[in-house]
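Hello,

Here is the structure I promised to hand over. My notes on what turned up follow below.

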Amino acid sequence: MLNYSIRRLLYFIPTLFIVAFMVFFLVRLIPGDPIQVMLGDGANPETIAAVREKMGLDRPLPIQFGIWLGSVVKGDFGTSIQTNRPVLQSIRERFPVTITLTTLALLFSLLLSIPTGMLAAVYRNTGKDYFFMLLTILGVSAPVFWLGLLSLLVFSVKLGWFPSIGFVPIWEDFWTGLTYLILPAVTLALHMAAVVARMTRSSMLEVLRLEYITHARAKGLGEGKVLIKHALKNAFGPTLTTIGIQYGQLLGGAVITESVFSLPGLGRYVMVSIHARDYPAVQGCILFMALIYVVINLVVDLMYTYFDPRIEYN
Amino acid sequence: MKKGTYPVFLALLIASVILAVSSTPLAAAPQRGGTLNIGINTDITAIDPHTTTAAITASVMGHVYERLIGLGENLELVPVLAERWEISDDNLQITFYLRKGKLFHNGQEMTADDVKFTFDRIRTPEIKFGRKKDFADIDRIEVVDKYTVRFYMKKSNLSMLYSMAYLSPLVAVVCEDEVEKQGEKMTNPIGTGPYKFVEWKPDRHILLERFEKYVPQPGPKNGFGGERVAYLDKLKFIPITEESAATMALLNKEVDLLVYVPFGMVEQFKNNYAKKGIVLEEKTSPNWGEIQIHMQKPVVENLKFRQAMAYAIDRDIVLQAALKGHGTPHSSWVARKNAYYTPFHDKWYEKDTAKAKKLLKEAGYNGEEVNISVSKKYPMHFGIAVAVQSELQAVGINAKLKVMEWANLIKAMYGNDFEILICSHTARPDPVTAYFYMKLNGMEEKYPRMAQIKEEAAGTLDTQKRIALFEEAHQMCIDTVPSYVFYNQNIVQAWQDNVKGYTIWEAGMQRYWGVWKEK
Amino acid sequence: MFMRKIYKNKLGLAGFIVILAFAMLALAAPWVSTHDPLKADVMNWKAPPSMDHFFGTDEYGRDIFSRVIHGTRISMYISFLSVLIATFFGVSIGAISGFYGGWIDNIIMRFMDAVMSFPAILLAIGIMAVMGGSIYNVTIALGFVYIPRFARIIRGSALSLRQKEFVEASLALGSSDFTIIFRHILPNCMAPLIVQITLSLAYAILAETGLSFLGLGAPPPAPSWGNILSDARNLMLDAPWMTVFPGIAITMCVLGFNLLGDALRDILDPRLK
C-alpha cells in the first residue's frame with residue numbers, strides 16, 4: 001500500500017509537467033495583444049514596445065516557458081499585467097473564497113445525494129425510486145447560471161432570505177458569511193448531487209445483493225444499521241472516486257457561479273484575466289486550479305484504500 | 001394693472017414665497033455620516049492611477065487623487081491643484097501656480113516638487129502610462145519655487161492641457177516621497193483628494209474614507225473643480241458583473257446607488273421601481289457611438305459606396321437597437337456638450353433609399369461582401385452592428401458581421417485590418433484627440449488636410465479659430481464619409497431616495513462629494 | 001429485446017421520446033419556425049408572447065420561438081459532433097494504449113491524466129479563449145476535453161482483455177492488431193461506452209450554454225441555445241419569457257439525454273440485473 005502511494009506520487013510529476021506545458025502554450029496562443037489592451041486607445045508604439053520588453057514578452061516562446069516554469073517552481077507566478085500585483089497574491093486572496101464555496105457545495109451535495117441515492121436503491125424500481133431519480137436528474141439538467149439567477153430572484157428578491165450580492169469571509173463572521181454562500185453553494189451543488197446520487201444508488205444496489213448483507217440481515221440486525229454500517233461503507237468506495245472527479249466539476253462550475261453571485265473567487269479572476277489578455281494571471285490561475293484538482297484526486301485515491309480494501313496495489 | 005386682478009396677483013406672490021420658504025428646509029441640510037454602497041459594473045484594475053486607462057479606476061480614484069487642472073461641468077478647463085496658469089506668447093512655457101496648504105493624506109504638503117515628479121514619472125518608460133504621447137512635447141519641467149512650476153515645451157501643444165485635465169487616465173498628482181517609499185508597486189495610494197484609500201479587496205469592494213483635513217476649494221461645485229465637501233464617512237464601491245444581479249441588489253437595498261442601469265430596464269425602473277423608492281436619472285453624455293469606414297480597403301474605398309451607406313442608414317433604428325432609444329441623435333465627432341460645438345455639426349445625410357441605390361449603381365457595386373467588425377464586449381456595439389447590417393442589407397449591400405473578442409477588435413483597429421468597424425468613445429473635451437482616429441482608417445493618408453487641421457488646432461486655445469477648424473473637419477467628414485456618428489449616448493443611473501445631492505455628470509465620472517444619506 | 005427493455009424502463013422511454021422529438025425538431029427547423037431567426041425588427045423589441053410570436057421577441061425584435069427552434073439544430077449539432085470527436089479519438093487512444101501497454105500506454109496515459117487534471121469546463125474555456133468563438137470551435141473544444149473519459153473506459157477493458165486466452169490465440173493465428181481491437185475489445189466495452197456517450201451528449205449541451213454565458217461560445221448572431229439564454233438574462237427582471245422558454249427547452253433536452261443514459265446504464269450493466 002505504501003508502495004502504491006509512492007508510485008501514485010511519482011506519476012504526479014510528469015503529469016504536472018504536461019499540465020504546466022499545456023497551460024503555458026494554451027495561454028500564449030490566445031490572440032490579441034495584451035499590452036495594447038492594457039494601455040488602451042492611443043498608446044504609442046514605443047510605450048508598447050518598452051512594456052513588452054520589460055515583461056519579457058519579446059523573447060522566444062521556449063525561453064519564456066523555461067523562465068516561467070523555473071519561477072513557478074520557486075513559487076513565483078509572475079506579475080499581473082493588468083493590476084501590476086503578484087499573481088500569487090491575487091490567487092491567495094481568492095483561493096479561500098473558491099475553496100469555501102466548493103467545499104460547502106460538496107457538503108450540500110453529499111447531504112442531498114447520499115440519502116436520496118440510498119433511498120432510491122432501497123425502493124428500487126418503485127414510484128419512490130423514479131421520483132428521487134427524476135428529482136436529481138432535473139438538478140443536473142438546467143444550465144447553472146440560469147438556476148443561479150432564478151434562485152436569486154426567488155430567494156433573495158421575492159423572499160428576502162439571502163443577500164443577492166457581496167461576500168463576507170466565513171472565517172471573519174461565520175453566520176453572516178454563510179448567508180452569502182448558501183445560494184451559490186446550493187446552486188453549484190445540484191449538479192454534483194445528481195451524479196453522486198446516481199452513483200450511490202447503483203453501488204448500493206450492487207452491495208445490497210452481496211452475501212454478507214444477507215448474512216447481516218439474517219443475524220437480525222436492524223435494516224437501518226445494515227444499510228448504514230455495512231452497505232453504505234462498502235458502497236462508499238465507488239462514490240468517493242466520483243466525488244473526486246466531481247470536485248473538478250465544482251471548480252469548473254465555480255467559474256460560472258462566482259460571476260452570477262458576484263463572489264471574489266478564482267473563477268471570476270480567470271474570466272476577468274482572460275478578457276483582459278492578462279497572460280500571467282490566466283496561466284497562474286488555471287495552473288493553480290488544475291493543481292488543486294490533481295491534489296484532491298490524489299487524496300481521494302489514497303482514501304479509497306480505506307473504503308475498499310479489496311483493491312490491490314501492484 | 002386693474003384693481004380686480006391685484007388680490008389674485010398678491011395671493012400668488014404670497015403663495016410662491018411660502019412655497020419657496022417651505023421648500024428650503026426640505027432641500028438643504030446635508031447630513032454628515034454613513035457609508036454609501038455603490039454598485040459598479042467592473043472592478044477597478046489598479047490603484048496606481050497612472051498605470052491604467054480604465055475609466056472606472058479614474059472614477060473611483062478621482063476621490064483619492066486630484067489633478068493639476070480638471071474639467072468643469074461643460075468640459076472646460078478649471079483649476080484644481082493649480083490655482084491658475086499662464087501661457088507665454090509663443091506657447092512654449094506654461095507656468096502653474098499651485099494652491100497653498102494642500103495636504104496629502106500622509107499629512108505632507110503638496111508642492112511643486114510633487115508636480116514635477118508626477119509629470120516626470122508618467123513620461124518614464126518604466127511606467128505603463130497609456131497616454132505618453134500626449135505629453136511627448138514637454139521638453140523639461142522646472143520647479144520655480146515651492147508653489148510654482150514651469151513646463152518648457154518643445155513645440156506649441158496646448159492640447160496637452162486637456163490631456164492633463166482629462167477624465168481617464170487620471171493624471172493624478174502623487175506624493176513624491178510616498179511613491180519613492182512604496183516602490184514601483186503602489187500599495188497605499190496617497191493623494192490630496194477628499195477621500196483617502198482604506199482597502200481594495202479585488203472583486204469584493206474598494207473602500208474609501210473621508211480625509212478630515214481636506215480643505216475644499218472656494219466656488220460652486222463644477223466638474224472636478226469648485227467646492228468639494230465630503231459628507232459621507234465612507235464610500236464602498238462594489239463590483240457586480242451580472243446586470244440582473246446588480247438590479248436585484250438595488251431592489252434589496254444592498255446597494256444605495258447603481259452607476260449603470262441597463263437601457264432595456266429603464267421603463268421597468270420608471271413604471272415599477274419608482275414606487276419602491278428608487279430614483280432614476282438620465283442625461284445625455286458627450287460619449288458617442290459610430291462606425292469607422294476604412295478609406296483604403298476594397299469596396300469601401302469608393303466614395304460613392306460610402307455615401308450610399310450614409311443614405312442607407314436610418315439613425316433612429318440604430319439608436320433603438322444600440323441604446324433602446326436612450327440617446328440623442330448626433331452626427332459629429334465634436335459632441336453636443338463640447339465647448340467647440342456649433343449647429344454646423346448637426347449637418348449630415350438623411351436616409352434616402354433611392355439615392356443609396358443610385359449611388360451603389362454608380363459605384364459599380366456588385367454584391368461583394370462587406371464586413372462589419374464588432375466586439376461582443378459592449379451590448380451597444382452589437383446593437384449598432386445588428387441595425388447597420390439590416391439597413392445596409394435593405395438597399396442590397398451584402399453586409400456580414402464579423403464578431404470578435406475585444407482584444408482582437410483593438411488589434412484590427414490599430415492594425416489597419418477592417419472595412420467597417422464599430423466603436424464608441426468617451427467624452428473628448430478637446431476634439432483634436434477625437435480626430436486622432438482618422439489616422440487609423442486611412443483618412444489622413446488620403447486627405448492630408450485632416451492632419452493639418454489637427455496640428456493647427458493643437459497649437460491654439462483660441463475658441464474662434466478652433467471652432468472654424470473643427471467645422472472644416474466636419475465638412476470634410478460630410479464630403480468623404482470616413483465614419484458615421486450616430487448619437488450621443490445617455491447615461492442612466494439609479495439610487496435609493498434617501499441618497500441626496502447626487503447627480504449624474506454627463507462626462508461619465510462619478511462624484512460623491514456634496515452627496516449625503518438621509519437617516 | 002433491447003428496445004423492449006427500454007420500453008419497460010418508463011423514465012428511459014420518456015427520455016428517448018423527448019430526444020426523438022428534439023431531433024425531429026432540429027431536422028425540421030426551417031419548416032417549423034415561423035420567422036427568420038436572424039431577422040431583426042428593432043422597433044418591435046421585447047414583445048410578449050402572442051399569436052404572431054409564440055415565445056415573444058428578444059431585445060432586437062427577433063422571434064424567440066424561431067430562434068429556439070433553430071437553436072435546437074445548433075445545439076444538437078454541437079452536442080453530437082463533439083461527442084463523436086471525443087468517442088472517435090477516445091476509443092482509438094484508449095485501445096492503442098491498453099492494447100500495446102508498456103511505455104506507449106505510459107506516455108498516453110500521462111497525457112490523458114494531464115488533460116483530466118483540468119476541470120473540463122475550465123479547459124474548454126482556455127481552448128475557446130485561444131481559438132475564438134465559432135460553432136466549430138465550441139464543438140472541437142468540447143470534443144477535446146471529453147476524450148480522456150472515453151480513452152479510460154476503453155483502455156481499462158483493453159488491458160484486461162489483452163491477457164485473455166482468446167486474444168492470445170487469435171494473435172497467434174495471425175489476426176492483425178486492428179482486427180483484434182475491433183472484433184474483441186470494442187464489443188466488450190460497448191455497454192459503458194454507450195452510457196458515456198449519452199451522458200456526454202447532455203454535458204455538451206450544458207457546457208455550450210456555460211461557455212455562452214461566459215462570452216466564449218458561438219458568436220452572437222448565431223441562435224445557439226446558450227446564446228439565446230445568456231443574451232436574455234440581462235432583461236429577465238423585465239421580460240421573463242425571454243429566459244423561460246429557452247431555459248425550458250435546454251432543461252428538457254438535457255433531461256431527456258440523462259434519463260436515457262441512466263436507463264441504459266441500468267439495462268446494460270449486467271451487475272444490476
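How many other C-beta atoms lie within 10 Å of Lys46(C), and is the residue buried or exposed? Lys46(C) has 18 of them and is therefore partly exposed; a residue is buried with 20 or more other C-beta atoms within 10 Å of its own, exposed with 12 or fewer and partly exposed in between, with C-beta atoms placed from the backbone.

This is a predicted model, in which local features need pLDDT of at least 70, side-chain atom pairs count only at pLDDT 80 or more, and totals for chains, interfaces and linings use all residues. Residues are numbered from 1 along each chain as its sequence is written, while chains are lettered from A and ligands numbered from 1 in the order in which they are written.

Now the backbone. Most residues other than glycine have a negative phi, and most peptide bonds are trans. Lys46(C), not a glycine, has a positive phi of about 55 degrees, and sits in the loop between α3 (29-32) and α4 (64-100) of chain C. Helices (H or I, at least four residues) and strands (E, at least two) are DSSP runs, numbered from the N terminus. Asp203(B) also has a positive phi, of about 65 degrees, in the loop between β8 (195-201) and β9 (205-210) of chain B. Asp203(B) counts as buried because it has 25 C-beta neighbours inside 10 Å. The peptide bond from Ser168(B) to Pro169(B) is cis, with omega near 0 degrees.

Finally, 19 residues of chain B are in contact (C-beta atoms, placed from the backbone, within 7 Å) with 16 residues of chain C. On the chain B side, α11(B) gives the largest share, 4 residues.

Best wishes

Terms used. Contact = placed C-beta atoms within 7 Å.
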